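Reader: Hi! Could you help me learn to read the sites where a protein holds other molecules?
Author: Gladly. Let's look at the model together.

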Amino acid sequence: MQNTNNIIYDLHCHSTASDGALPPSEVVKRASEKGVHHLSLTDHDTVKGLIEAQHAADQYELSLIPGIELSVSWENKCLHIVGLGINPTHSELLSGIEEQQKIRSQRAKKIADKLEKRRIYGAYDAVTEAAGENMITRSHFASFLVKNDHARDLQDAFDKYLGQGKSAYVSTQWADLPSVISWINNSGGVAVIAHPLRYNLTTRWMNRMLTDFRDLGGQGIEVVTGRSNKDDINRTQLFAKQYDLYASTGSDFHAPDQWVELGHLADLPHESKPVWELFNTVV
Ligand code: AMP
Ligand code: MN
Ligand code: MN
Ligand code: MN
């Protein structure tokens, strides 16, 4: 667990506003039950869950840091940048999100077309219905594939169809890194590189990415994520130190009994600068 004077932070998780299993209020309730004091709800390319989450946070006396996880195209790779402490009503951020939503919807059509070529029909209607007003993600497709017996489980759906290079994978042009960092910074937030070791970057590419990120005004990196081991944490802390980045911690919780639990996080290394030093909240 993340402990600084026994204060537990979890600054990355998802609700039904994107590809999480629980509605925002249930995520907050669960976080509170798991002992989290400071939570950031960071749904993919949407701030839609934040109002409901804030109501629940008031009820459970938990501090909610408004957040988002934005998809970014950088050097033909997809990166995820978390924005913490954003103003979810900021117009520049909102128009950026609107663009990302269009990209998601167009991509969903292309994914469905690719599935049709594999004689899997009805995916588009199913995912748009399942997502409703919320963000359509590949996880929605994965659920559809599992439900219709085309995959054993979500992982199998990614391995067979949805993962990079698989038959229904669609390479997507998301917003670029300068735009995403400026939406976050201009709305008063802190830009944080999500799960930096999950992009399979060589050290050389990692250094290029961190240099660009830092030069563009990015300030944070997830040193601890729900699935990091000691080596991962030490390695990421070295990057944080080298690039003078603040350290964040977040489970990337999506659903109960799947991958990781809210608030179940290793401590940040002592030498790190915690990202919450940048927040205006009193702890
Ligand atoms: P998207 O942003 O729509 O491309 O969807 C990405 C989401 O799919 C991630 O945030 C994960 O929640 C989920 N995801 C990605 N890869 C996998 C995988 N191999 N197995 C299960 N879920 C995955
Ligand atoms: Mn996700
Ligand atoms: Mn992510
Ligand atoms: Mn995430």
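Reader: How far apart are the manganese ion (ligand 3) and the manganese ion (ligand 2)?
Author: Keep in mind that this is a predicted model. In it, 5.7 Å separates the two manganese ions, ligand 3 and ligand 2.

Reader: Which protein donors does the manganese ion (ligand 3) have?
Author: To read a metal site, start with the donor atoms, which here means N, O and S atoms within 2.8 Å of the metal. For ligand 3 the protein supplies Glu69 (OE), His80 (ND1) and His195 (NE2), at 2.1 to 2.2 Å. Along the chain, their spacing reads E-x10-H-x114-H.

Reader: Where do His80 and His195 lie?
Author: His80 sits in strand β4 (residues 77-84), while His195 is in the loop between β6 (190-193) and α8 (203-215), so the pair ties together parts that are 115 residues apart in sequence.

Reader: Are His80 and His195 buried or exposed?
Author: Both His80 and His195 are buried.

Reader: Now ligand 1, please. Which side chains have an N or O atom 3.0 Å, 2.8 Å or 2.6 Å from an oxygen atom of ligand 1?
Author: Check the polar atoms in turn. For Asp19 the distance is 3.0 Å, for Arg104 it is 2.8 Å, and for Arg107 it is 2.6 Å. Ligand 1 exposes 500 Å² when taken alone, and the protein buries 84% of that.

Reader: Which elements give two or more residues to the shell around ligand 1?
Author: They are α3 (91-117), α5 (138-147) and α6 (154-162). By type, the shell residues divide into 2 nonpolar, 5 polar and 4 charged. Among them are His44, Phe158 and Trp259.

Conventions
Residues numbered from 1 in each chain as written. Chains lettered and ligands numbered in written order. Predicted model: local features only at pLDDT ≥ 70, side-chain atom pairs only at ≥ 80, totals over all residues. Heavy atoms only, no water. Near = heavy atom within 4 Å. Polar contact = N/O pair within 3.5 Å; in protein donor to acceptor, adjacent residues only side chain to side chain. Areas by Shrake-Rupley, 256 points an atom, 1.4 Å probe, with all protein chains shown as cover. Helix = DSSP H or I, 4+ residues; strand = E, 2+ residues; numbered from the N terminus. Nonpolar A, V, L, I, M, F, W, Y, C, P; charged D, E, K, R; others polar. Donors = N, O, S within 2.8 Å, 3.2 Å for Na, K, Ca; no water. Buried < 20%, exposed > 50% of the residue type's maximum accessible area, 1.4 Å probe, protein only.
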